[in-house]
Amino acid sequence: MTKSNPLQGLTFTTKPKVETVNPIEVKRAKLIIRLNEQRAMVQCLLENTEFIAYKDVYVIDEETNEKRKVKRPKRIRPWFYQSADKYYFEIKYGTKSLEIQKNKPAIDVGSKDNLLTVINAVIDAVKQGFLDVELKAVKGPTKK
């Protein structure tokens, strides 16, 4: 009695190349997401409404032991602040402020009505790659 090889019916091939993702594009996308959150926060400030952002969290139901996704409020710190009747905006990646010009991390916005214009200009600059040098300088989390 001869055994047939179960691998005989399979088709083998060379390993296909997997396209690597450019780390700068990942950082750009992350920064744009954060800037959009800041834009939503500014819109609520201008409309005098409360800003609440949500994140998805998985919770295990104690009765059925099933995992389910629920929305929980998440804390977002504003990148803009007021000092001496003027508003300023800082572009941040993580907790670090990006310095577009040497030793000048803040953008002078003027009145709070100009905050949306500044954030939109920064988003356009990020999309066009004008902040790539600053994003390259940002170090990611180190793995132990």
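This briefing covers the salt bridges of the structure and one buried acidic residue that lacks such a bridge. The model is predicted. It holds 5 salt bridges, of which those of Arg-28 with Asp-132, Arg-34 with Glu-37 and Lys-86 with Asp-108 are described below. Side chains of opposite charge can pair when their charged atoms come close.

**Arg-28 and Asp-132**

- The side chains of Arg-28 and Asp-132 form a salt bridge, with an N to O distance of 2.6 Å.
- This pair links distant parts of the chain: Arg-28 sits in helix H1 (residues 23-47), Asp-132 belongs to helix H3 (residues 132-137), and the two are 104 residues apart.
- Asp-132 has a relative accessible area of 16% and is therefore buried, since the cut-off is under 20%.

**Lys-86 and Asp-108**

- Lys-86 is joined to Asp-108 by a salt bridge in which the closest N and O atoms are 2.8 Å apart.
- Because Lys-86 is in strand S4 (residues 86-90) and Asp-108 in strand S7 (residues 106-110), the salt bridge ties together parts that are 22 residues apart in sequence.
- Lys-86 is partly exposed, at 33% relative accessibility.
- Asp-108 is also partly exposed, at 43%.

**Arg-34, Glu-37 and the network**

- Salt bridges with shared partners connect Arg-34, Glu-37 and Lys-74 in one network.
- Within it, the side chains of Arg-34 and Glu-37 meet in a salt bridge, 3.8 Å from N to O.
- Both Arg-34 and Glu-37 are in helix H1, where 3 residues, about one turn of the helix, separate them.
- Arg-34 counts as partly exposed, with a relative accessibility of 32%.
- Glu-37 counts as buried, with a relative accessibility of 15%.

**Glu-90, buried without a salt bridge**

- Glu-90 is a residue of strand S4.
- Glu-90 is buried but has no salt bridge.
- The nearest side chain of opposite charge to Glu-90 is that of Lys-92, 4.2 Å away; a salt bridge requires a distance within 4 Å, so this pair does not count as one.
- The side chain of Glu-90 does make a polar contact, at 2.4 Å, with the side chain of Ser-97.
- Leaving aside residues up to four places away in sequence, Glu-90 touches Trp-79, Tyr-81, Ser-97, Pro-105 and Ala-106.

How values were computed. Residues are numbered from 1 along each chain as its sequence is written. This is a predicted model: local features need pLDDT of at least 70, side-chain atom pairs count only at pLDDT 80 or more; totals for chains, interfaces and linings use all residues. Side-chain values use heavy atoms; hydrogens and water are left out. Helices (H or I, at least four residues) and strands (E, at least two) are DSSP runs, numbered from the N terminus. Buried means under 20% relative accessible area, exposed over 50%, partly exposed in between (1.4 Å probe, protein chains only). Lys and Arg count as positive and Asp and Glu as negative; His and the chain ends are not counted. A polar contact is a pair of N or O atoms within 3.5 Å; within protein, one must be able to donate a hydrogen and the other to accept it, and residues adjacent in sequence count only if both atoms are side-chain atoms. Contact means heavy atoms within 4.5 Å.
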